[in-house]
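Me: I'm new to this one, and I'd like to learn how to read it feature by feature. Can you walk me through it?

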Amino acid sequence: MMLDLDLFKPLLNNISLLTNLQLDICRQGEIVYSSNSASRSRDLTERIRRLSLPKVAPDALEKDEKQEHDDLFAVPLKIQKKPAGFLVASSPQEQSMTPRLAAGSGSARFSDLAKSALTNLAAIIEESWAAQKESEEMTEQLTQHFEALHLYARITPQITTLKFSKKMFNELIEEFLHSMRVEMVFSRLPQKPDLDVLLIQQARSSYIPDPTAFIDKLIKAIPAEAASIKEHYFIVNDSYNEPAYRALHKLPFRFLAVTIEHNEQFYGWLGLVSFNLAEIFHRSDLRLMISIAEQISVVIRNMELYDELNQFVIDVVKSLIYAIEAKDVYTRGHSERVSHFSMLMAEKMNLSREEKENLRWASILHDIGKIGIPEEILNKTGRLVKDEYNIIRMHPQKGFSILKPLQPMLKALPGILYHHEHFDGRGYPEQLKGKEIPLIARIIAVADTYDAINSDRAYRLGRPPQETLEIIQGLAGTQLDAEIVKIFADVLQTDCAGTGRHAYS
Amino acid sequence: MEINKKILVIDDEVHVRRVIEIKLKNKGYEVVTAANGLEGLEIIKAQKPDAVITDINMPGMDGEALCRLTDVLKIERPFLTIVMTARISPEERNWISKLKDTQFMEKPFSPSKLLDAINKYFGVE
C-alpha cells in the first residue's frame, strides 16, 4: 500500500528547522522521508533504516516502542495497531542545536518539548495513514463490488434465455477467472457434461498437468460431513493444513467450491483454485460465488423445464401416432421406420440441426392425416374404388390441418403436406415438380415408398428388401428424386439393420 | 513501479472515478479525474493525457460530444479513448466505430478488464 506523506512534508521541514533536528521517516527498511539527508553520517542512516526492518539481530530495537539514544529519538508509527515505521529525530551536530528546543539537560539530548512535539506529530501521521488505509480498503471493496456487479449483469440476461450455450457458459467462467483473481476456475456438472468448463490462467497451466484428474480429486476430497456443506460451500484456505488436500499437490493451494443446486436438486460444483497464498478467500468472494452458482442453477433448471416441455410434445405426438396405428393395423411401426430411414439420409446429407429436427417431426407424423380416414377404407382388402382412393389422397392436407395449431411443428408441416408429391409433377395434392417439392418431403417420399412396398398391406404381401430397392430405383427421376434414391441406396447398404422391416417390427 | 502514462477519468459518479483511479494508480499510472465532459475537455487540452476513460451520460457536456470534439485533437496527438456505457445501442456503436482510437466498455464494468484494456494499449504487462 502506498502511504501518502506529501501532506506532512512542509510541516516536517519546518519542525526540523525549528528544532535543528534531522527528521526521517522509515518504513519497511526504507527511508521514505528525510528533512536533510546530507548532514547525516552513513552509520546513522543505516541505523535509522534498520529500525523499521523486521527484528532479526538480537540487538535490534524494539519495533513498537519509543527509542531514545544519545543521538537518536524514534517514535513508532502504527497503522491499525500494527508497526508501520518510525518517525526519527537525530542530532548529529551537537554544537549547532538550539538550546531552547533541542538540547536537554544532562545526558538527554532531546528536550521534552521536542519529544512531545514529535510524539504528537507521529500521532497525526498515524491518524492520516489510518484514514488513507481505510479509504483504500473501502475502495478495494468497492472495486470488488464493481466486479461482482459486472458479473451479475453478464449472467442475468442468460436467465431469460432457455438455452445456455457452452460458448456463453465458457465466457462467463472466463470472466470469473478474471475477476476472482485466481489461477483456475471450473464447473463440474455430472448430469450435464456439456456445461463442464475448466479454465486455467495460461501462466499457471504448468502447475497442473492433468487438470481434469486434479478436479476429480478435489471434489472427491470434499468431506460430506463438513459443516459448511449445509451452507452449500467448502473452503480450504491452505491445503497444507488439510491432510486430505495436502497430498493432492506438491505446492500449497487454496480451494473454494460452491454447490450448484436448485430446490434440493444437486447439479454440481463451481470451484476456484489458487496457488497464491498471500491472498485468502474472503466472505465477499464466497457470497459472490454462491449467488453466481444460484443463478447458474436457475438457468439449468430453466433448461430442464424446456426439455421437459419438449418431451411432453414428443409424448403427445407419440400418442397421435398410436392413434393412427390403432386404426390401421398394417401401418404399425411404419411411421417409425420412415423416420428412421429419413434421419439416416439426413445424416448422410449433412443437413443442419434445424432441418434434421423438422425432418424428424415430419417423418414420424407424415401419415397423421389418416386419423381422419374411415377404417373401412384404410383396412379394405379389395381394390379401392376411385372415390375411396380420393379420400385416402386427402390425408396429407388433413395431417397439415391437424398439426397446424402446434407451434413447434410449423416448419415440419411442408414435409407432411407434400410427401406424396412426385418428382415429375404427377403427385398430390398440388402437383409440385422437382425442387419445388421441399427437401424434407422428397426425403420422406423415398423412405415412405420403400417401407410401403417392403411391408405387408391389406391387399398384398410385402416384397423383400433387395427387390424393394430395385423397384424404388426404377422410380428414380419419375416419382422420386433420383439423387435422394441414390443416397437411400447407400444408407440401406450401411444401415446394419438394413434388411428391411423385420428389424423394426 | 511507475508507468509514465497519464490517464484521465471522466464520470459524474464519484465512486466510479475513485475505483478506476485507485485501480490505475495501484498499477503505476498517473491519474487525473473530471466530473463532466467540459472539465474533461479542459484537462485534455491542458494536460494532454495518454488515455481518456469517459462515461456517456453526464450532465453538461456528455461523453459523445466530448469524443467528437477530441477526435480532431487525435490527428496531431493520438490517444486512447474508452467510452463506458450501459447497454450499447446500434447508434452508439456506430459513432464510436467512426472515431479514432476509441473503444467501448459496457457498464456495469469490470475494473480489472478496464485495466487490461489500458495495459494492452500501452503494451504494459
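Me: Where does B:Pro108 lie?

Reply: Helices and strands here are DSSP runs (H or I of at least four residues for a helix, E of at least two for a strand), numbered from the N terminus. B:Pro108 lies in the chain B loop between strand S5 (102-107) and helix H5 (111-122). The peptide bond leading into B:Pro108 from B:Lys107 is cis, with omega near 0 degrees. Keep in mind that this is a predicted model, where local features need pLDDT of at least 70, side-chain atom pairs count only at pLDDT 80 or more, and totals for chains, interfaces and linings use all residues. Residues are numbered from 1 along each chain as its sequence is written, while chains are lettered from A and ligands numbered from 1 in the order in which they are written.

Me: Which residues does the cis peptide bond in chain A join?

Reply: That bond joins A:Tyr428 and A:Pro429, with omega about 5 degrees. Look for A:Pro429 in the loop between helix H13 (413-417) and helix H14 (439-454) of chain A.

Me: What about phi at A:Asn20, and is that residue buried or exposed?

Reply: To judge burial, count the other C-beta atoms (placed from the backbone) within 10 Å of a residue's own: 20 or more is buried, 12 or fewer is exposed, and in between is partly exposed. A:Asn20 isn't a glycine, yet its phi is positive, about 60 degrees. It has 17 C-beta neighbours inside 10 Å, so A:Asn20 counts as partly exposed. You'll find A:Asn20 in the loop between helix H1 (9-19) and strand S1 (22-27) of chain A.

A:Asn263 also has a positive phi without being a glycine, about 45 degrees. A:Asn263 counts as exposed because it has 6 C-beta neighbours inside 10 Å. Its loop runs between strand S9 (254-262) and strand S10 (265-274) of chain A.

Me: Which residues of helix H5 of chain A are buried?

Reply: In H5 (residues 211-220) of chain A, they are A:Phe214, A:Ile215 and A:Leu218. They cover an arc of only 95 degrees around the axis (taken from the directions from the helix axis to the C-beta atoms), so they sit on the same side of H5(A). On the other side, A:Thr212, A:Ala213, A:Asp216 and A:Lys220 are exposed.

Me: What do the buried residues of H5(A) pack against?

Reply: Contact means two C-beta atoms, placed from the backbone, within 7 Å. The buried residues of H5(A) pack against strand S6 (184-188), strand S7 (197-200), S9 and S10 of chain A.
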